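Here are my notes from going through the model. Have a look at the picture first, then see whether you agree with the points below.

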Protein chains: 2
Amino acid sequence: MPPHSVWERALPIDPDLEFAEPVRSRTQRFMQVHRPRRRGEPDDLEATDRAVEGDSRASRSLYRLRHLLIGPALRSTALAEERMGRAMALGVLSPDALSSVAYGPEAMLAILVLAGTGELRVSLPIGAVLALLMLSVGLGYRQVIRAYPHGGGSYIVASDNLGRRWGLLAAAGLIVDYILTVAVSVASGVEAVTSALPSLYSARIVIGLVVIAVLVAGNLRGVRDAGAAFAAPTYLFVAAVAVIVIAGLVKAASHGFHPASPTPHPAIEAAGVLLVLRAFASGATAMTGIEVISNSVPVFRPPEGRHARQTLSVMLALLIAMFVGVVLVAHFDGATPGGQQTLLSQITHSSVGSGVAYGFVQAATTLILLVAANSAFNGFPRLLYFMARDGYAPWLFLRLGDRLAFSNGILVLAVPAAVIFAAFDGRTGPLIPLFAVGVFLAFTLAQSGMVVHWWTHRERRWRTALATNQTGATLSAAVVLIAALTKFLQGAWVVVVLVPLIVLFSEKVHGHYERVRQALTPRAESDGRALPSCVGPSPATAAALSERPVEEQDIPAEVQSFAVVPVAVLDLAALHALAYAVSLARPVLAVHVSPTEEEAERFRHYWQAWGDRLPLELVVSPYRATVAPLANYIAALHEQRPELTLALVVPELVVARRWHRLLHNRIGARLRAALVGYEGIVMTTVPFHLPP
Amino acid sequence: MPPHSVWERALPIDPDLEFAEPVRSRTQRFMQVHRPRRRGEPDDLEATDRAVEGDSRASRSLYRLRHLLIGPALRSTALAEERMGRAMALGVLSPDALSSVAYGPEAMLAILVLAGTGELRVSLPIGAVLALLMLSVGLGYRQVIRAYPHGGGSYIVASDNLGRRWGLLAAAGLIVDYILTVAVSVASGVEAVTSALPSLYSARIVIGLVVIAVLVAGNLRGVRDAGAAFAAPTYLFVAAVAVIVIAGLVKAASHGFHPASPTPHPAIEAAGVLLVLRAFASGATAMTGIEVISNSVPVFRPPEGRHARQTLSVMLALLIAMFVGVVLVAHFDGATPGGQQTLLSQITHSSVGSGVAYGFVQAATTLILLVAANSAFNGFPRLLYFMARDGYAPWLFLRLGDRLAFSNGILVLAVPAAVIFAAFDGRTGPLIPLFAVGVFLAFTLAQSGMVVHWWTHRERRWRTALATNQTGATLSAAVVLIAALTKFLQGAWVVVVLVPLIVLFSEKVHGHYERVRQALTPRAESDGRALPSCVGPSPATAAALSERPVEEQDIPAEVQSFAVVPVAVLDLAALHALAYAVSLARPVLAVHVSPTEEEAERFRHYWQAWGDRLPLELVVSPYRATVAPLANYIAALHEQRPELTLALVVPELVVARRWHRLLHNRIGARLRAALVGYEGIVMTTVPFHLPP
């Protein structure tokens, strides 16, 4: 017979809700009995989806509205992720990286043009260096796939190999990066639309905010498995860029590869190393998202690692080809960034004219940028989930919503992204300087982590791998430095300030959770104070529960607690509270606070008329405050015997209509707030329901 | 031996805090033992002013700040009001009425001038009618003093004699009136300043709002007893008006009483009966405040009634003389309202020039208008106090603040007044149409109430009194009709709509309080369910408390309640809650909600490792919600045996820093909110304090 059986038999209700007397249909409807049919084990209950509904009409309407907007709740068992083939995975995982081609080259040229149109030709060597950088970092991430076949984000790789603090630094960089990805991708996507339809230019902020709202709703609904829908824009965009680049190169060939002279722009700044470095840092934004495949190895069909590496190689080839192609065509076209038209829109016009082909390219660009923004809505909540799992982010990021999406992470991403998008007037250009630092910080730390990994593990071909990651780390670190230094005043300082703050916050969160964990861990049972009566029912209690006679010595001689009942008026609510306190079978003291001596006297007479059944203490409060003197008095009682539990039993009027709250003072709630600081005070609310 | 003595002896603490073991100094400091030295009666405690302070540093700083702004708390015994002599009372009680001379005549002329300057002469007959009206209503209020020597506001007089609903109608009129008095007086006072210093005109709204804020602070501080300071402006203003009028009349006499021709204004509207009536209704605003003395009879030195009547007569004489004087001088001066200068400022200029005398008049005008606004801060909270006492206004208006002022009434008056002042751009003119209806509604109902009073009581000289009040009632009713009809579209409709809404709200409030009172009134003791165990300690409890052995049949065989403990994690917080629930000596059921079957299984193993001491029910929530299924499950348990009390014992983590709330889900609070709708569920919070 298990130790709890005496308690079990005493229960006046059936906890399984099964053999109970007929209960009201509403409640039974909420619950379904679930029988696992295991021998010897008790039954569990399972909540149906109706059990999520509240009782009030308002909460039910809210539930239905949510149901309508984001769909019905999904069971946890629906979580099993689909595996993807390589073609599908390329479409789903590369939009973040490939879409950067839509703004990376333009960001680079926008810096060079500051030194006048003459300097635009420097874009060719810079583009070449960037292509090398892509190759190097991309190959580095191939090594990550080898080492972390279960998916290794920069946070995990850096934490594992460099230590937690470096991991948090990478995570902080990624957090900033994800927020900026949403802002930049949406801005750039809207720019693709307004390039085609200039009349919408003035409405771009509203359009962008609506897009973010749609992304939020879609992700709360859980669109992760809509693979095909997300893969299509990638292929459309690749096709579109291929068309432009090929048409542009054919046209350039027809001119013997002589670059057209661009519309002259006056030089605003002097050409020089600094300008070239800034252009390089801006162009590097074309590499954002290159790490996505290495984070998502488990979504591939087996053999996951090989498929992932192959896919990464293809993506890398596409990225480099598209980036170099766009830079070349822009060069031959003499396209200059600026105005209300994107660079991509300009070269599309000059390559394929303004017809259906132009519309197709702009539509494909917009689509892939939105899908890229969407990819941040997948990555950000997952990163915060990993951080929360390790105790470095609030636990609320652990929670899977109704639809199996990390709702909290989605919302926490959307709000700052929308604010930044609106604050930067919905334009891509001014956002670029903030962008590269966070991304490349994460790249650097992940690649450095891999260097340490290979050095420690020395697996097969570790030397090559180490060299690859070493190159990637060095180049990425160079980009971080260049971007942070050359763009510090243009906005990179925000990131430089924000990233350490995020790390600091994460560590504070972790420190708190650590202390909480220690405080909450049950100590050895010999520590009597920690578990005063958890050692099981006392003999007297057990006897009372099983209704068998007790021996004399069974009576609990030791009083462990006493009850205090604040009584304002001797009405039914107060009497219910007193009755409950009395039923606790422990000493009870009633307290009444009066503004004047006369009022106190009057209350004493009522009390005596009622039969003077319990000890009553009258506190005169000549300054008319009620809650504070009451709280202080109760605290004073508690401090007399701090080792005893003080059970505060408060009558609380529950109003039927919200506006009725205006008509009653909320002494119970205020007393609770005033006394929450005392560990030994247990607060009990005895509700009394008022008529409507 | 009183019935509570067995309980008293069981108390492990000393409720008088006196013979207790040495307690910590902080707590002892808060409380003082107060011994009334009555034989046989127990001692009471008295809270010192320190007992109002909270424990936290924030609450103590807040307390000190308030102390600094509105002064230290005052004892209730400081409430005894000073009695006033007639001269002082005249000064203190008449600003509301006399200050109306500053805007009443101007409001009248502002209507007449719409028909061109030629029609301004009609002001003389209208003024004469208004003077008669003042006399009639004023004499009517003399009769109120006779009948209500303890002070009879329109609300009380109308309620007593015509019935509650008419009283509420009068009260609603007065509520609107008080709010408008503040807005109009402040607007007019600021206009007096900007007439003298036109450069301040653009800052008038800010000035007005600052004035209202100062009035609020002053009244929260409790400036009621600063009699002399409030009496002085009245005499200054009377002197100032006397100077203008006499100087103006002397000047007019020197011209043989030929009116100067006013600066011609084109006629915008046709002259006619309607215009005259509108001018009459506007001029009637000069009568606001005429009832104040009759409400405040108890502040006079005895014989209160006679002194009050004498004072009212003097005030009436002054009011009529000043009103008529200003109308006459304006007529002889050919002053026309409009522009950025008030009428009073214009005639002051023409009567006494622009020197020191002018400054004196404007200063006196400003002062009396501010004092008049202040009088609304006395009257409004007192009216709402009377209404709340009868259950027709929220009880929060009954509460006397730290400084013995009705703080809630003061704030509820200030906010709409400030909003209206700002919404009307700080100008008096557009506010006037709203003003007369509410005031004269209250006048009419008070006077009609008096007619009924005399008819019913037939005291000495009742016929004269009845006739006087009849006249007052008839004339006031005429003003209400005229004002409501002729100014309906200019703004009176707001009042016509608002007044019935206030009455309706008051009646709803009263209905609620009535139902609450009935619901809360203890029924006969035979009603066992209402007072389940309040009939005194059960034998077993009494025995346990007094530590004497019990007989077998003493064991409480009947289970009145059972405890349910939701447990998320088997940590110390949960163990404390379980321990407390066990100590209640009643059946206990632990409930755990898991998102998956595997998690549930894991929890069951922990539970068994802990010793399987209590019954445990596992609820699997495949949709991952926790609070709602828990609430529904607990409700389902409750519905099995609704006659039993379900004691819900919830472990609650109490965070040390406010931002830590972010890091913990607040299941306790959410569960409380979800289950507040069930009468039989008593909620107990077992706090567990987290480290900082």
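Which residues make the nonpolar surface patch of about 760 Å²? My notes start there; keep in mind that this is a predicted model.

1. The patch. Phe488(A), Leu489(A), Trp493(A), Val496(A), Val497(A), Leu498(A), Leu501(A) and Leu504(A) make it up. Take Val496(A) as one of these residues: it is found in helix H20 of chain A, which covers residues 488–520. Its relative accessible area is 34%, so Val496(A) is partly exposed, given that the partly exposed class runs between 20% and 50%.

2. H9 against H20 in chain A. Two packed helices are described by the angle between their axes and the distance between the axes. Here the partners are H9(A), residues 164–196, and H20(A): their axes come within 9 Å and cross at roughly 125°. That angle lies outside the 65 to 115 degree window for roughly perpendicular and is not over 145, so H9(A) and H20(A) count as oblique to each other. As for handedness, H9(A) passes H20(A) in a right-handed crossing.

3. A buried alanine on H9. Ala172(A) lies in helix H9 of chain A. Is Ala172(A) buried or exposed? With a relative accessible area of 0%, Ala172(A) is buried. Its C-alpha atom is separated by 9.8 Å from that of Leu504(A), although the two residues are 332 apart along the chain. Leu504(A) is also one of the patch residues from point 1.

4. A salt bridge between these two helices. The side chains of Arg165(A) and Glu507(A) meet at 2.8 Å, N to O. Arg165(A) sits in helix H9 of chain A and Glu507(A) in helix H20 of chain A, so this pair ties together parts that are 342 residues apart in sequence. The two ends have their own accessibility classes: Arg165(A) is exposed at 55% relative accessible area, while Glu507(A) is partly exposed at 24%.

5. The neighbour in sequence, Arg164(A). What does the side chain of Arg164(A) meet in a salt bridge? The partner is Asp390(A), at 2.9 Å, N to O. Arg164(A) lies in helix H9 of chain A, whereas Asp390(A) is in the loop between helix H16 (356–389) and helix H17 (407–423) of chain A, so the contact ties together parts that are 226 residues apart in sequence. Arg164(A) is partly exposed at 32% relative accessibility, and Asp390(A) is partly exposed at 23%. There is a bit more to this one: Arg164(A), Arg389(A) and Asp390(A) are linked in a network of salt bridges.

6. A local pair in chain B. How many salt bridges does the structure hold over all chains? The total is 18. One from chain B joins the side chains of Glu514(B) and Arg517(B), at 3.0 Å, N to O. The two are three residues apart in helix H20 (residues 488–520) of chain B, so about one helical turn separates them. Glu514(B) is partly exposed at 28% relative accessibility, and Arg517(B) is partly exposed at 46%.

7. Another helix crossing, in chain B. The axes of H10(B), residues 204–221, and H16(B), residues 356–389, come within 10 Å and cross at roughly 50°. An angle under 35 degrees would count as roughly parallel; H10(B) and H16(B) are therefore oblique to each other. H10(B) passes H16(B) in a right-handed crossing.

Terms used
Residues are numbered from 1 along each chain as its sequence is written. Chains are lettered from A and ligands numbered from 1 in the order in which they are written. This is a predicted model: local features need pLDDT of at least 70, side-chain atom pairs count only at pLDDT 80 or more; totals for chains, interfaces and linings use all residues. Side-chain values use heavy atoms; hydrogens and water are left out. Patches are made of residues with over 30% relative accessible area and no salt bridge: like charges are joined within 9 Å, nonpolar side chains (Val, Leu, Ile, Met, Phe, Trp, Tyr) within 5 Å. Accessible areas come from the Shrake-Rupley method with a 1.4 Å probe; for residues, only the protein chains shown count as cover. A salt bridge is a side-chain nitrogen of Lys or Arg within 4 Å of a carboxyl oxygen of Asp or Glu. Helices (H or I, at least four residues) and strands (E, at least two) are DSSP runs, numbered from the N terminus. Buried means under 20% relative accessible area, exposed over 50%, partly exposed in between (1.4 Å probe, protein chains only). Axes are lines fitted to C-alpha atoms, for helices over the stretch in contact, and angles run from 0 to 180 degrees between N-to-C directions. A crossing is left-handed if the near helix is turned anticlockwise from the far one by less than a right angle, and right-handed if clockwise.
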